[in-house]
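Work through the two exercises below with the sequence and the structure at hand, trying each task before reading its solution.

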Amino acid sequence: MDNVNAAFKWEYAPAPEAKDHARIKKQYDLFINGQWQKPASKKYFASFSPSTEEKLSEVAEANEKDVNTAVTAARTAYDKYWKKLSGAERAKYIFRIARVMQERSRELAVIETMDGGKPIRESRDFDIPTASNHFFYYAGWADKLNYAFPNRNPQALGVAAQIIPWNFPLLMAAWKIAPALATGNTVVLKPAESTPLTALKLAEIIEEADLPPGVVNIITGFGKTGAAMVNHPDVNKIAFTGSTDVGKLIQKAVAGTNKKLTLELGGKAANIVFEDAPIDQAVEGIVNGIFFNQGHVCCAGSRLFVQEGVADVVIRKLKERMDTLIVGDPLDKNTDIGAINSKEQLEKITSYLKIGVEEGLELYQSSHCHLPKKGFFCKPSLFIGAAQSSRVAQEEIFGPVLTIQTFRTIEEVIEKANNIPYGLSAGVWTDKGSKIFNLTTKLRAGVVWANTYNKFDPTSPFGGYKESGFGREGGLHGLHPYLRF
Ligand code: ADP
C-alpha cells in the first residue's frame with residue numbers, strides 16, 4: 001500500500017508567496033485615542049514567526065494604567081462623537097474599513113501567515129476576505145437597527161472590551177469590532193500575545209479610514225492586560241473568545257456587575273458519517289474539518305463518528321488522503337498544513353499524542369510526511385479505535401489530531417456526540433434530508449453543518465452551548481449582544 005501511495009504523492013516545486021510588500025515595523029506602540037502611544041509600562045515583548053522562529057517585531061505590553069487610558073479614550077469618543085452620529089454616518093466609516101482591508105488584503109494575508117503560521121491559502125482565500133465581508137455586512141445594519149428590532153428602541157451599551165485568541169487573529173477582530181461599531185459602541189480590543197500583528201495593521205487601517213479618535217483602540221499584552229480590561233469599572237460589555245478556563249474566570253469576575261458578557265470558548269465537534277453518505281466528499285470534509293488550519297479551530301471536527309458498514313472504507317480513504325497532505329512552509333501556496341502557533345501549543349499536542357498511544361489506541365501518521373527542521377510543526381494524526389472515555393476523544397487538543405469511533409444507530413451516535421462538556425459545532429454526512437433534520441434538532445451544538453464543514457458567512461450566527469460559551473456572533477443575532485432595549 002505504501003508504494004502505491006508513494007506513487008501518487010506528487011512533489012511540488014516550492015511556490016512561496018512574496019513577502020517583500022508586507023510592511024512590519026520593528027516596534028509597535030499602543031493604538032489609543034487615534035494615536036500610537038508609548039506604554040506606561042515601558043515594556044515591549046516579541047512576536048515570533050512559528051514557522052521560522054524568527055522575531056518579526058516587538059509590541060507594547062499594556063498595563064492597568066494603559067488599559068485605563070484606552071477605556072477613557074473609548075468612553076470620551078462614545079460621548080463626544082460616536083453616539084451622536086446617525087447609523088448612516090457610522091456605516092460610512094465601517095464601509096471604509098472594509099474597503100481599505102480589501103485593498104490591503106495581500107499584505108494582511110502574508111502577515112497573518114507569518115505571525116500565526118497558517119497556510120497562505122487559508123489566510124488569502126478565507127481569513128482576510130471573510131474579515132472584510134464582516135465589516136461590509138455589519139455596515140449594512142448600522143442604519144437599520146430600528147427595522148431589525150421594531151418597536152424595541154435598540155440602544156448602544158457604551159464601551160466594549162474585546163479579547164481574542166490566536167487562531168483567527170484578524171477575522172476574530174472583525175467579528176468583534178464590526179457589530180460593536182454598527183450598533184454604536186466604542187471599542188478597546190486586545191489580540192492574543194502570539195499573534196498581535198494583523199490587529200495592529202487593522203489599527204493602521206482604522207487611522208486611514210479616519211475614524212474619530214478613540215472609537216477603536218487596539219492594545220497589546222498578555223492575560224494580565226485582558227484581566228485589567230475585564231475588571232475595568234467603566235466597561236459596559238465584554239466579548240471574549242478563547243479557552244474555557246479563561247472564560248470561566250471572566251464569568252466569575254463579571255458576576256454581580258452590570259457588564260454584558262458573551263463567551264465563545266472551546267469545542268470538540270462530532271463529525272458524523274452515515275453509510276449512505278457520499279464517501280469521497282465526506283473524506284474531504286473530514287480533512288478540511290480537522291487537518292487544514294492545523295486543527296487550530298474551536299469548531300474543528302476532531303471527533304469522527306463513522307457508521308460501522310463504511311468504517312473500513314472511510315479509514316482507508318482517509319489514510320490515503322492523509323498521505324497526500326503537504327505540511328510545511330505556510331507561505332508556500334501548495335501547503336495544506338502550516339505551523340503550530342507556538343512551542344507551548346506543539347508541546348500540548350505532542351503530550352496528547354502520547355496519551356492516546358498510552359491509552360492503547362492505534363496512531364496513524366503518514367510516512368510520506370516530512371516536517372521542516374525549523375519551526376513548530378506536527379504531522380496530521382489519526383487515532384483509530386477510540387472509546388467514548390478516551391481522553392483524546394474527550395478533551396480539546398487544538399491540533400491536527402482526529403479520533404475515530406464507530407456507531408450502529410442514530411440514537412447511539414446522538415448520545416455519544418452529545419456526551420461531552422462542549423457544544424460548539426457538529427457535522428453530518430448523509431444522503432437523507434430527513435436524517436439531517438432529525439440530527440440538527442437533537443445535537444447540542446450551536447452550528448451543525450450538513451454535507452459540508454467549516455463553512456462561514458457573515459450573515460449566519462455562530463456560538464455555543466454548554467462549556468462552549470454563550471451568545472452569538474454573526475448575522476442579525478450578532479447585533480443583540482451589543483444592544484440594550
Ligand atoms: P488560548 O489557550 O487559545 O491561548 P486563552 O484563553 O489563554 O486561549 O487566550 C485567549 C485570549 O485571552 C488572549 O488574548 C489572552 O491574552 C487572553 N487572556 C488570557 N488570560 C486572561 C485573563 N485571565 N483575563 C482576560 N483575558 C485573558
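**Exercise 1. A sheet and its pairing**

Which residue in E13 is the bridge partner of Ile 272? Place the two strands within their sheet as well.

*Solution.* Keep in mind that this is a predicted model. Begin with the general idea that strands of a sheet pair through backbone hydrogen bonds, either parallel or antiparallel. Here strand E12, residues 270-273, and strand E13, residues 303-307, run in the parallel sense and are joined over four bridges. Looking along E13 for the partner of Ile 272, we arrive at Phe 305. Next, widen the view: both strands belong to an open sheet of seven strands with mixed pairing, whose order is E14-E15-E16-E13-E12-E18-E19. At its edges lie strand E14 (362-364) and strand E19 (447-450), each of which pairs on one side only. From one strand to the next, the twist averages 20°.

**Exercise 2. The ligand and its surroundings**

Where does the ligand sit, and which side chains place a polar atom close to its oxygen atoms?

*Solution.* First locate the ligand, which sits in the largest pocket. Then consider its shell of 18 residues, where the closest are Ile 164, Trp 166, Lys 190, Glu 193 and Ser 243. Helix H9 (223-231), strand E10 (237-241) and helix H10 (244-254) each contribute at least two residues to this shell. Now take the polar side-chain atoms in turn:

- Trp 166 has one 3.0 Å from a ligand oxygen atom.
- Lys 190 has one 2.8 Å from a ligand oxygen atom.
- Glu 193 has a side-chain N or O atom 2.6 Å from a ligand oxygen atom.

Finally, the ligand taken alone exposes 550 Å², of which the protein buries 78%.

How values were computed
Residues are numbered from 1 along each chain as its sequence is written. This is a predicted model: local features need pLDDT of at least 70, side-chain atom pairs count only at pLDDT 80 or more; totals for chains, interfaces and linings use all residues. Side-chain values use heavy atoms; hydrogens and water are left out. Two strands pair if DSSP finds at least two bridges between them. Axes are lines fitted to C-alpha atoms, for helices over the stretch in contact, and angles run from 0 to 180 degrees between N-to-C directions. A residue is near a molecule or strand if one of its heavy atoms lies within 4 Å of it. A polar contact is a pair of N or O atoms within 3.5 Å; within protein, one must be able to donate a hydrogen and the other to accept it, and residues adjacent in sequence count only if both atoms are side-chain atoms. Accessible areas come from the Shrake-Rupley method with a 1.4 Å probe; for residues, only the protein chains shown count as cover. On a 1 Å grid over the protein atoms alone, a cavity is a set of points where a 1.4 Å probe fits but cannot get out, and a pocket is an open set with protein on both sides within 12 Å along at least five of seven lines; lining residues have an atom within 4 Å of a point. A molecule sits in a cavity or pocket if more than half of its atoms lie within 2 Å of its grid points.
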